[in-house]
Amino acid sequence: MPTPTFGAKPTVLRCSRCGKFVDWEDARLQIVCGCRPHLDLPPVLVREATDLDRPAVLTLFERDFGRTRLVTFGEELHLETVPTVVADSEGEITGALAYRERQQALHIVALATDPLWQRSGVGGHLVAEAELIARQRDLPRILVATTNDNLPSLYFYQRKGYRITEILPDTMVGATGTAPSIGFGGIPIRDEIHLTKVLA
Ligand SMILES: CC(C)(COP(=O)(O)OP(=O)(O)OC[C@H]1O[C@@H](n2cnc3c(N)ncnc32)[C@H](O)[C@@H]1OP(=O)(O)O)[C@@H](O)C(=O)NCCC(=O)NCCS
């Protein structure tokens, strides 16, 4: 049974206006046009995580995803044991995506980018790699779960062609009477939201 601990998000994002790190709860949405100039950054190599990468990957998930254990699609998963691809930016691990196969689909279990590297293409490269792995395994779909408060990830995935396919109300709240954890922008974390992309 999920507990509020699994839904808690002590993670950080980075302010796209001033560049400072911001606690999840203090982050705000901002409407902008496409005026942001393209940044030319060092190349990012996306590759499978090795055993040597594991400590850095777990630190990144702990800090930037908010946890290394989670309950998703009704199952408790430990990121220590889940296959992971990493974004390697000149020897530094700047993002990670954990995945597994689930019911003829590739399930993105966790995805996080180091706040210093957010909005520079790292998350997009990792998701593209997950889609490539799914194609190589003849898996026709990619699945991902997020929560109702996580507007940045709902935006991010829908921009990449993922569609909301299921909403599980109150899954994140736990036992009756438990107050929900507070998520992005101070929004209570209540519902698990599933998104799916059917691969062409
Ligand atoms: C969701 C998350 C993984 C996105 O990762 P990211 O690395 O910031 O994603 P990207 O950089 O690929 O793309 C985000 C934006 O950056 C822009 N961008 C990418 N490369 C760029 C570049 N070189 N110059 C300027 N902008 C760029 C993209 O266009 C996109 O913006 P847009 O959709 O408004 O056009 C990240 O916000 C995160 O780690 N969140 C916390 C954990 C979390 O919620 N995980 C998801 C739950 S499953």
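## Charges and overall build

The protein carries 22 positive and 25 negative side chains, and the centres of these two sets lie 6 Å apart. Keep in mind as you look around that this is a predicted model.

Let's take the overall build next. The protein contains four helices and 11 strands. Its radius of gyration is 16 Å, close to the 16 Å expected from the globule rule for 200 residues, so the protein is as compact as a globular protein of that length. The C-alpha trace spans about 50 × 40 × 35 Å along the principal axes.

## Inside and outside

Of the 200 residues in the protein, 46% are buried. Among contacts with a separation of 6 or more, 68% join residues that are 24 or more positions apart. On the outside, the protein exposes about 10,700 Å², with carbon and sulfur atoms supplying 54% of that area.

## Helix α2 and its cover

Helix α2 covers residues 54–65, and its buried residues are Arg54, Val57, Leu60, Phe61, Asp64 and Phe65. Looking down the axis of α2, you will find these buried residues within an arc of 125 degrees, so they line one face of the helix.

And what lies over the buried residues of α2? Their cover includes the strands β1 (12–14), β4 (69–72), β6 (84–89), β7 (92–102) and β8 (105–113). Just after α2 comes Gly66, with a positive phi near 100 degrees.

## Helix α4 and its two sides

Helix α4 runs over residues 151–159, and Ser153, Leu154 and Tyr157 are buried in it. These residues cover an arc of only 105 degrees around the axis, which puts them on the same side of α4. Turn to the other side of α4 and you meet Tyr155 and Arg159, which are exposed.

The cover over the buried residues of α4 includes a helix, α3 (122–136), together with the strands β8, β9 (141–147), β10 (163–168) and β11 (192–198). Strand β8 is also part of the cover over the buried residues of α2.

## Val46 in strand β3

Val46 is a handy residue to select in your viewer. It sits in strand β3, residues 45–48. Is Val46 buried or exposed? With a relative accessible area of 19%, Val46 is buried, because the cut-off for a buried residue is under 20%.

Leaving aside residues up to four places away in sequence, Val46 touches Val85, Val86, His125, Leu126 and Glu129. Val85 is 39 residues from Val46 along the chain, yet their C-alpha atoms are separated by 6.7 Å.

## Residues in the loops

Three loop residues are worth a visit. Phe73 lies in the loop between β4 and β5 (75–78). Phe73 is buried, with a relative accessible area of 13%, and its phi is near 50 degrees, a positive value in a residue other than glycine.

Arg119 belongs to the loop between β8 and α3. Its phi is near 60 degrees, again positive in a residue other than glycine.

Asp138 is found in the loop between α3 and β9. Here the relative accessible area is 65%, and Asp138 is exposed. How far apart in space are Asp138 and Asp51? From C-alpha to C-alpha, Asp138 and Asp51 are 27 Å apart, with their positions 87 residues apart in sequence numbering.

Notes
Residues are numbered from 1 along each chain as its sequence is written. This is a predicted model: local features need pLDDT of at least 70, side-chain atom pairs count only at pLDDT 80 or more; totals for chains, interfaces and linings use all residues. Side-chain values use heavy atoms; hydrogens and water are left out. The radius of gyration is taken over C-alpha atoms; the globule rule is 2.2 Å times the number of residues to the power 0.38. Buried means under 20% relative accessible area, exposed over 50%, partly exposed in between (1.4 Å probe, protein chains only). Contact means heavy atoms within 4.5 Å. Accessible areas come from the Shrake-Rupley method with a 1.4 Å probe; for residues, only the protein chains shown count as cover. Lys and Arg count as positive and Asp and Glu as negative; His and the chain ends are not counted. The place of a charge is taken as NZ of Lys, CZ of Arg, CG of Asp or CD of Glu. The arc is that of the directions from the helix axis to the C-beta atoms.
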